[in-house]
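Trainee: Before we look at the model together, could we agree to test each label against the rule behind it? I would like to see how the terms are earned.

Mentor: Gladly; let us take them one at a time.

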Amino acid sequence: MTKTMAEKILGRASGKDVSPGEIVEANIDLAMVHDLTGPHVVEVVEEIAGEVKVWDPEKVAIIFDHHVPADKIRAAELQVIMRRVARKLGIKKFHDVGRGGICHQVLVEEGYARPGMLIVGADSHTVTSGAVGAFATGIGASDMAMVWLTGKLWFMVPESIKVNVIGKLPKGVYAKDVILHIIGKVTVDGATYKAVEFHGDTIRNMTIPDRMTLSNMSVEMGAKAGMVPADEVTVQYLRERGVEVKPFGPDPGAHYEDEWNFEVSKLEPQVAAPYSVDNVHPVSELEGTPIDQAFIGSCTNGRYEDFVEAAKILKGRKVAEGVRCIAIPASIKQYMKLLKDGIIDILAEAGCFVAHSTCGPCLGGHLGVLGPEEVAISSSNRNFRGRMGHPTSKVYLASPATVAASAVEGKIADPRKYL
Amino acid sequence: MVTKVRAKAIKVGDNIDTDVIIPGRYLIYTDPETLGRHCFEPIMPDFYERSKKLGGVIVVGGRNFGMGSSREQAVVALRGAGVKAVVAESFARIFYRNCINQGLPAVKVPGISKVVEEGDEVEVDLEEGAVRVYSPSGELKKEFKVAKLPPSLLEILESGGLVPYLKKKMVQ
């Protein structure tokens with residue numbers, strides 16, 4: 001029988017022919033925790049096994065990114081625990097402060113995530129690794145503890161949805177606008193429990209960083225995984241990282257529960273208004289909304305290419321009076337490249353607060369928590385009530401270019417006039 | 001026995017996300033009491049007190065309850081606030097798994113949010129596969145038949161979650 005990517009991967013990992021709806025026990029290829037979920041996992045592992053251990057240290061990644069560097073004593077304590085665990089277990093894929101970045105960025109750019117892999121992470125945005133053709137999904141601490149102890153986890157084989165995106169993206173419109181548009185149409189539970197595959201010429205023409213934005217936000221429509229078939233773009237991206245892989249995709253004629261078609265050649269920049277990621281509007285409907293803070297960064301849009309687009313707008317201009325713009329590259333590698341190419345200079349000269357890699361304000365952790373009634377526009381992924389700080393604050397989600405244009409004007413703005 | 005619980009209902013809406021259940025800034029904690037005190041803080045700052053005063057509650061949600069982050073602390077927070085079960089029109093995937101693993105009954109009951117009103121009591125009876133709604137006077141308003149859980153999942157719930165379940169298995 002012909003199979004979707006999810007069926008092929010879960011079949012391979014469980015050693016049998018699988019169909020949607022079936023529950024399988026699968027071998028995990030890579031298991032990732034970060035500084036906030038890791039200690040919870042360690043607690044559970046110790047409670048079950050009496051000591052901390054993992055089934056295979058080569059297949060475990062521990063990456064510090066949420067409260068990085070530690071911003072309070074409790075966060076520091078958690079990092080002390082995880083450092084000790086990483087050392088004790090001999091975890092090579094351990095990335096401490098300043099030596100990695102946001103976990104999802106690190107998994108892809110270090111070449112840890114590869115086509116056809118089954119990856120679990122104790123973070124919902126683990127789906128990001130779907131950009132290189134992996135089945136990657138978020139799990140809780142107890143499930144991760146099971147994985148650490150046994151290397152296995154049970155899964156229900158999901159139905160798959162094929163998302164076809166066609167058309168050349170207009171100037172000023174990016175992968176972020178595409179995924180916001182899709183979520184706006186299908187809603188925040190439009191893909192719950194499903195494996196989503198992205199197809200079509202728009203996707204084929206996207207770089208890996210762009211595909212990461214798509215895969216990353218597939219969880220915002222409830223998807224269990226959001227995958228892009230691995231093609232020559234993927235092979236080349238990983239080759240540059242010293243990893244040789246083969247293309248990987250669904251079988252021709254695979255069965256999909258549903259197909260969604262999007263034509264994007266006339267798409268406008270999109271903005272998700274509070275307090276739901278599916279409250280999506282074309283930027284023209286929200287232009288002029290005053291903002292207090294602009295944030296460019298996160299696992300969704302904190303890559304080199306994102307800051308290059310933002311810098312096109314910020315170059316020679318200033319962040320508006322009364323607005324602060326926070327720019328945080330998603331990893332040390334992205335930061336270094338931006339530094340070498342002078343992009344950090346442009347951001348700093350425009351008045352941006354440029355920080356080292358961390359999740360920071362995206363989840364209201366630190367480096368830009370919002371006060372009462374404050375409004376932010378952000379290149380991140382969630383605009384839930386209180387997500388970035390005070391429960392009365394508001395977050396609008398948009399592409400880095402839209403965020404940059406808004407920072408310059410002090411209100412939500414269309415980036416196209418600057419490009 | 002967690003498989004049959006009855007308590008006052010507290011209603012919430014559709015698409016309740018895990019940031020609303022426990023905001024990100026509290027993820028540095030894992031203990032039920034600390035997390036419980038901040039449960040639902042962005043939408044119902046008095047949730048903890050209300051729940052404790054009622055001797056624990058059953059949360060009645062709409063569609064897609066628990067969407068967003070994979071934080072298992074969301075379930076720990078609910079437990080810490082004295083929540084005995086969550087019933088909703090539908091659940092987000094990771095949250096549902098986390099509930100089972102934490103021993104908190106989570107039951108999908110299409111139509112429940114239209115029937116339950118403030119002040120009602122809800123009974124979750126997992127063994128019989130039923131969810132019953134009682135008016136404040138104690139009268140049975142409606143009984144929903146729900147799919148029974150597979151025995152393995154029921155056993156995890158009965159044990160109080162994945163950790164006590166595995167410990168019990170190891171002893172056996």
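Trainee: What makes K4(B) count as partly exposed?

Mentor: Buried means under 20% relative accessible area and exposed over 50%, with partly exposed in between, using a 1.4 Å probe and protein chains only. K4(B) has 48% relative accessibility, so the label partly exposed follows from that rule. As to the ground we stand on, this is a predicted model in which local features need pLDDT of at least 70 and side-chain atom pairs count only at pLDDT 80 or more, whereas totals for chains, interfaces and linings use all residues. Residues are numbered from 1 along each chain as its sequence is written, chains are lettered from A and ligands numbered from 1 in the order in which they are written, and side-chain values use heavy atoms, with hydrogens and water left out.

Trainee: Why is the pair of D125(B) and K4(B) called a salt bridge?

Mentor: The term requires a side-chain nitrogen of Lys or Arg within 4 Å of a carboxyl oxygen of Asp or Glu. In this pair the closest N and O atoms are 3.9 Å apart, so the rule is met. D125(B) lies in strand β5 (residues 121–125) of chain B and K4(B) in strand β1 (residues 4–11) of chain B, 121 residues apart; strands here are DSSP runs of E with at least two residues, and helices runs of H or I with at least four, numbered from the N terminus.

Trainee: Is D125(B) buried or exposed?

Mentor: D125(B) is buried, because its relative accessible area is 4%.

Trainee: How do you know that E244(A) is exposed, and what is its partner?

Mentor: E244(A) has a relative accessible area of 55% and is therefore exposed. Its side chain meets that of R239(A) in a salt bridge at 3.0 Å, N to O, while R239(A), at 39%, counts as partly exposed.

Trainee: How many salt bridges does the rule find across the interface of chain A and chain B?

Mentor: The rule finds four there, and E47(A) forms a salt bridge with K167(B), the closest N and O atoms being 3.5 Å apart.

Trainee: What makes the span of helix α2 (residues 38–49) of chain A close to the expected one?

Mentor: The expected span is 1.5 Å times one less than the number of residues. Helix α2 of chain A has twelve residues and reaches 16 Å from its first C-alpha to its last, close to the 16 Å expected.
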